[in-house]
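Here are some notes to go with your first look at this one. Have the structure open while you read, and turn it as you go.

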Number of protein chains: 2
Amino acid sequence: MRLVVIGGVAAGLSAAARARRLNPSLDILVLEKGATISYSACGLPYFLSGEVKRQDDLIVHTPEYFQTERNIQVRTGVEAVAIEHAKREVALASGERIKYDRLVIATGAHPDLSKVHGSDAPHVFSLHTFEDAGRIAQFLARQKPTTAAVIGAGYIGLEAAEALRANGLRVRVIDAKADVLGRDDAALTKQVRQHLEKFAVPLQCGVQVADAASLPEQMVLLATGLKPNVELATAAGVKIGRTGALEVTDRMETNLGTVFAAGDCAEAMHRVSERPVYVPLGTTANKMGRVAGANSVGIRERFAGIVGASIVRVCGLGIGLTGFSVAQAKREGFDPVSAHIEAKDRAAYFDGRVTRVELVADRRTRRLLGAAITGEQGVAGRVNVAATALAAAMTLDQFLDLDLAYAPPYAPVWDPLLVAGQQLMRVLDA
Amino acid sequence: MRLVVIGGVAAGLSAAARARRLNPSLDILVLEKGATISYSACGLPYFLSGEVKRQDDLIVHTPEYFQTERNIQVRTGVEAVAIEHAKREVALASGERIKYDRLVIATGAHPDLSKVHGSDAPHVFSLHTFEDAGRIAQFLARQKPTTAAVIGAGYIGLEAAEALRANGLRVRVIDAKADVLGRDDAALTKQVRQHLEKFAVPLQCGVQVADAASLPEQMVLLATGLKPNVELATAAGVKIGRTGALEVTDRMETNLGTVFAAGDCAEAMHRVSERPVYVPLGTTANKMGRVAGANSVGIRERFAGIVGASIVRVCGLGIGLTGFSVAQAKREGFDPVSAHIEAKDRAAYFDGRVTRVELVADRRTRRLLGAAITGEQGVAGRVNVAATALAAAMTLDQFLDLDLAYAPPYAPVWDPLLVAGQQLMRVLDA
């Protein structure tokens, strides 16, 4: 029996590795369009910033590793152009046809360039693949640009802005939408703007750039979000869901029996709204891949879904998000109320810095719906506590009952999460 | 109506402040035996280490603050010697008698010196009160000792050892029990011993010191644990529980109707074992005080209990604990299995350091029972995620479904918590 995996980054290799662990005798073949597999896409901005010295440090494993250590065959530079499911065959660009018994589609996503012209100009870049990062690094080294515009204030855009700033460029960030990080949260946007201003990086929201090449900056980075790579799958009869990404069950099955999908090409269930969403993130891709790999060899595992937990560093400011903002929660049919506080992230006498915590809850059920946390320290831990509370479907009352660890070097005696919870309780009970 | 609170540190002042917020007209009087109120007892080691420059920085509020800003009268240097509940009176050492309608007992705890002689020698100290810390600082400044023995490897003992080391002393830590931090966890003890050895601090466990003054060190610190201050209460007819601390309901009521107890003198319910335990910690004291204050003015609030979440820094190593170790879980009647892993706490290419995670679960119910996490970074956040999972009574399966935030500066793509969970799953399913 042969498992073919299309895509050799996060989801695809997780699927292959999991299938191998569960089935030592399976024939496993991974097809990767690009030249490099198994790299940390999320690490690319830190190669550009110089915090990661060598681009190859971002590569976790080579095809040789998978062959010798895992008995998984990986072919790079190989593009699948069609899936003929009736024949259980994948057609490659070379004309070669590859038989499969089980198929995992992990084709990932591509930068959404549909709303902007000029993406093919030599000084206009995306930062999505390993090769993209190499091209940008080369451009920075050879052309020595002094100014850059980043279009898009999502994760990649903000991380890239920090990286370019670290290279000494004057940087501007422009986004067509009113708010950053796709969060629909004016207070958060304001805070990010004020923070970026300290680094002389203007943040211009609500500005639609029609032609990237028309901007005065010597370098332009397009980070206007991702679109799932679904064409190969849909041409073969795989259904897409309401988000435009591939529709999957909690076992990562598509509508075609023995074809699974995972990672940035697929939807995930949001555990707060219980609706499918499209939130392409590396950690989710790994988990989905793992589940797809298990089910592809007949082991029933399920992917529980996501609570939209994420963190990004923007010029030293940590921004942790999970669940929904007020505006998002309204759109999902909740009756949200929120409260935010600013508090020290450690004992005040112990180098405590200001952290901001916003919590969102549903007025009717009192269930916690979301959290936004910003600060210099302790943001990851606190957003993960909130994400765990969301996964447990905690009410605000249950959240306030949490027993959190305290010691002066790490936290204040009343954790900012609980201070925010107490504030939200006052709003809820008012 | 008058509320009298005996004790003016964490629990007592939390009770008074909460009562005031809920009842603006109540007459509130706080009686404190010591000279100083409202100080961070947990911060005392960091005053000794020099990380907190002035001892007064540990004082959060003064009696004047409570009088003018909260309309709460605080009397310091006042010792309550008897409670005559039939008369609703507290008798002071001075002979004065104070009437109350509601009483909150927040008498705290005292260092357990029952098993060691020599505690009254001039070079032998405890580190429990504000005054203790002042005495130690004075001794260090005037006597300039070069060697110190710390008896007791609990939180205070290990923090004090770090602080004395920071003062340039040669330090040895001795504990009568086999393991550190009251955890009953040989692997943790081994790790702490190895870590302390890097700082030339020997850790000698299983050694009972009969006479502290007989040790060769020029300074001895007794940190052999705390005993609840219950004599005042029990003489008045307040019941003690199985732990020896005051027995309270989840509303912090004692068996005497209008008398409440909170903080280090009282028991708390452990949410994993659902049995009362004695775990005197500052954050718990604050929460219990808050609940006692609310109920003392007739507002029904409950204290949900604890999951034993704590964190301590030992010579730069963070140690986060929650729930039970395997040995403790066995004693509580569970059938525990555990697994531990070592993993990088961030992406390996992003200055990831080794963190160790041990998870404990019940074989029968698969419920998570405890976690022990050590490392240089990210320990507080991870132990709090585990504590949140314990509060939600998650099974290991539910824990593995967590969606945790990922970005290279903060975490690896598979969080060490989840890696440990996967390892434990293999053990459970073996």
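1. A definition to begin with: a salt bridge here is a side-chain nitrogen of Lys or Arg within 4 Å of a carboxyl oxygen of Asp or Glu. With that rule, two salt bridges turn up across the interface of chain B and chain A. Keep in mind that this is a predicted model. As for an example that crosses between the chains, B:Asp401 pairs with A:Arg302, and their closest N and O atoms are 3.8 Å apart.

2. How do the two chains relate to each other? Chain B superposes on chain A by a rotation of 180° with 0.0 Å of shift along the axis, at an RMSD of 0.0 Å. The two copies are therefore related as by a two-fold rotation axis. If you want to find that axis on screen, look for B:Gly381: in chain B its C-alpha is the nearest to the axis, at 1.7 Å. Both copies use the same surface, since 100% of the contact residues of chain B recur in chain A.

3. Now the interface itself. Chain B contributes 56 residues to the contact and chain A contributes 56 residues. Between them the chains bury about 4,700 Å², with 61% of it on carbon and sulfur atoms. Which three residues give chain B more of its buried area than any other three? They are B:Tyr349, B:Asp403 and B:Tyr410, which supply 16% of the area that chain B buries against chain A.

4. There is polar pairing at this interface too: the rule finds 16 residue pairs in polar contact across it, counting pairs with both residues at pLDDT 80 or more. On the side of chain B that touches chain A, at least two residues each come from α8 (282-296), β18 (310-314), β19 (317-323), α10 (379-391) and α12 (416-429) of chain B. The largest share of that side is from α10(B), with nine residues.

5. A word on the layout of a single chain. Chain A is split into domain 1 (2-38 + 58-108 + 227-296), domain 2 (124-224) and domain 3 (310-429). Note that domain 1 is written as three separate stretches of sequence. The centres of domain 1 of chain A and domain 2 of chain A, taken over C-alpha atoms, are 31 Å apart.

6. Back to salt bridges, this time over the whole structure, where a search finds 48 over all chains. One of them joins A:Lys99 to A:Glu89, with 3.8 Å between the closest N and O atoms. A:Lys99 sits in strand β6 (residues 97-99) of chain A and A:Glu89 in strand β5 (residues 89-92) of chain A, so the pair ties together parts that are 10 residues apart in sequence. Are these two partners buried or exposed? A:Lys99 counts as partly exposed because its relative accessibility is 47%, while A:Glu89, at 12%, counts as buried. The pair also belongs to something wider: A:Glu84, A:Lys87, A:Glu89, A:Arg97 and A:Lys99 are linked in a network of salt bridges.

7. Another bridge worth a look is the one between A:Asp397 and A:Arg366, whose side chains meet at 2.9 Å, N to O. A:Asp397 is in helix α11 (residues 396-400) of chain A and A:Arg366 is in the loop between β21 (354-362) and β22 (368-375) of chain A, so this pair ties together parts 31 residues apart in sequence. A:Asp397 is partly exposed, with a relative accessible area of 30%, and A:Arg366 counts as partly exposed at 22%.

8. In chain B, try B:Asp351 and B:Arg353, which form a salt bridge with closest N and O atoms 3.0 Å apart. B:Asp351 is partly exposed, with a relative accessible area of 41%, and B:Arg353 is partly exposed as well, at 27%.

9. Last stop: B:Lys99, in strand β6 (residues 97-99) of chain B. At 47% relative accessibility, B:Lys99 counts as partly exposed. What does B:Lys99 touch, leaving aside its neighbours within four places in sequence? Its contacts are B:Arg2, B:Val4, B:Lys87, B:Arg88 and B:Glu89. With B:Lys87 there is a polar detail to see: the backbone oxygen of B:Lys87 is 3.1 Å from a polar atom of the side chain of B:Lys99. For a sense of distance, B:Ile306 is 207 residues from B:Lys99 in sequence and 33 Å from it in space, C-alpha to C-alpha.

Terms used: Residues numbered from 1 in each chain as written. Chains lettered and ligands numbered in written order. Predicted model: local features only at pLDDT ≥ 70, side-chain atom pairs only at ≥ 80, totals over all residues. Heavy atoms only, no water. Least-squares fit on C-alpha atoms with pLDDT ≥ 70 in both. Contact = heavy atoms within 4.5 Å. Domains from an automatic or database assignment. Helix = DSSP H or I, 4+ residues; strand = E, 2+ residues; numbered from the N terminus. Buried < 20%, exposed > 50% of the residue type's maximum accessible area, 1.4 Å probe, protein only. Buried area = accessible area lost by both parts, 1.4 Å probe. Polar contact = N/O pair within 3.5 Å; in protein donor to acceptor, adjacent residues only side chain to side chain.
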